[in-house]
Amino acid sequence: KTTTTTTTDSGTTTDKKIVFGFSQVGAESGWRTANTTSIQESAKEAGFDLKFSDAQQKQENQIKAIRSFIQQKVDVIGFSPVVESGWDTVLKEAKDAGIPVILTDRSVDSTDTSLYVTFLGSDFVLEGEKAGEWLVDQYKDTTEQVNIVELQGTTGSAPAIDRKEGFEKIIKDHDNLKIIASQTGDFTRAKGKEVMQAFLKSNKDIDVLYAHNDDMALGAIQAIEAAGLKPGEDIKIITVDGIKDGFQAASEGKINFIVECNPLFGPQLMDTIKDVLAGKEVPKRTVTEEGTFTIEQAKEALPNRKY
Ligand code: AHR
């Protein structure tokens, strides 16, 4: 069912399209663009009336958008929170208005989990762990110090916090694996390049770059090449996401390992909305399925890569 039944003052019932208010983080990365397209296309396919709002990576814009959805009395609100904290008040407002909220991609740190119905998205800690495991395996035969630089995602965002945590958890028992510099690149290519330039200036022997997404790594690759070094060889690169451009760079040997983060959950989200509005029980947490790719695997998968 893709409509909701409303009863007018005179008692007649009409079917109207499900109105879905969605507040997106922004358009900071290739991953995000693919996620937006997936949501827009599948909302159309499902016959929903989608009210889409782009927050341009600003929490205040997301809060404004959610308040406007409440005012417009949408049937359901979806949002991918730019940062983890500071959502309780506005989520309470949605709850009081009787509008179910679905979290997608990123979660919030609210202790009151009744403020949202369900959370659909990746396990970012696991992604960080996968990145760390690959690194540990790569350097299992060396006791020499391995100098790692880290490009973090947006400060305060769930993927930046969790990908760091997962990675550190895995490498912490290996004394020679050292993060010598770590800074945010805000998930963008431009910032990734800028911060990598600074890393290269102040650190002579960088062995590994761990970037929390492909876009920052792609920016960093430009900085590494401009410094006369070979990405993937002089500096090994691990990234997260698996966008086409990342796969392209991996198949050229410039990225060594990609941890996949799947943005194409639009259809699953629309199904969840239908279930929620039909009063069905939905799981509180649904984790998207994801793989990992070495250079060889990336080469093979590139022609059929969907995003
Ligand atoms: O929340 C998912 C992250 O957000 C993606 O890894 C990154 O590219 C995006 O900006």
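Q: Helices (H or I, at least four residues) and strands (E, at least two) are DSSP runs, numbered from the N terminus; which of them each supply at least two residues of the shell around the ligand?
A: They are helix 1 (30-46) and strand 11 (236-241). The model is predicted: local features need pLDDT of at least 70, side-chain atom pairs count only at pLDDT 80 or more, and totals for chains, interfaces and linings use all residues. Residues are numbered from 1 along each chain as its sequence is written.

Q: What makes a residue one of those around the ligand?
A: Its C-beta atom, placed from the backbone, lies within 6 Å of the ligand. The residues around the ligand are Glu-28, Ser-29, Trp-31, Arg-32, Asp-105, Arg-106, Pro-159, Phe-187, Asn-213, Val-240, Asp-241 and Cys-261. With Ala, Val, Leu, Ile, Met, Phe, Trp, Tyr, Cys and Pro as nonpolar, Asp, Glu, Lys and Arg as charged, and the others, Gly among them, as polar, this shell has 5 nonpolar, 2 polar and 5 charged residues.

Q: Why are helix 2 and helix 3 described as they are, relative to each other?
A: Helix 2 (residues 59-71) and helix 3 (residues 88-96) pack at about 10°, and their axes are 10 Å apart. Axes are lines fitted to C-alpha atoms, for helices over the stretch in contact, and angles run from 0 to 180 degrees between N-to-C directions. Under 35 degrees counts as roughly parallel, over 145 as roughly antiparallel, 65 to 115 as roughly perpendicular and the rest as oblique. The two helices are therefore roughly parallel.

Q: Which residues of helix 2 and helix 3 meet?
A: Ile-63, Ile-66, Arg-67 and Ile-70 in helix 2 meet Val-90, Glu-93 and Ala-94 in helix 3 (contact: C-beta atoms, placed from the backbone, within 7 Å). This contact has 5 nonpolar, no polar and 2 charged residues.

Q: What makes strand 9 and strand 14 edge strands?
A: The open sheet of 6 strands has the order 9-8-10-11-12-14, with mixed pairing. Strands pair if DSSP finds at least two bridges between them. Strand 9 (177-184) and strand 14 (292-294) each have a single partner strand, so one side of each lacks a neighbour in the sheet.

Q: How do you know that strand 8 and strand 9 pair?
A: Strand 8 (residues 146-152) and strand 9 share 7 bridges, in the parallel sense. Glu-150 stands opposite Ser-182 in strand 9.

Conventions
Contact = placed C-beta atoms within 7 Å.
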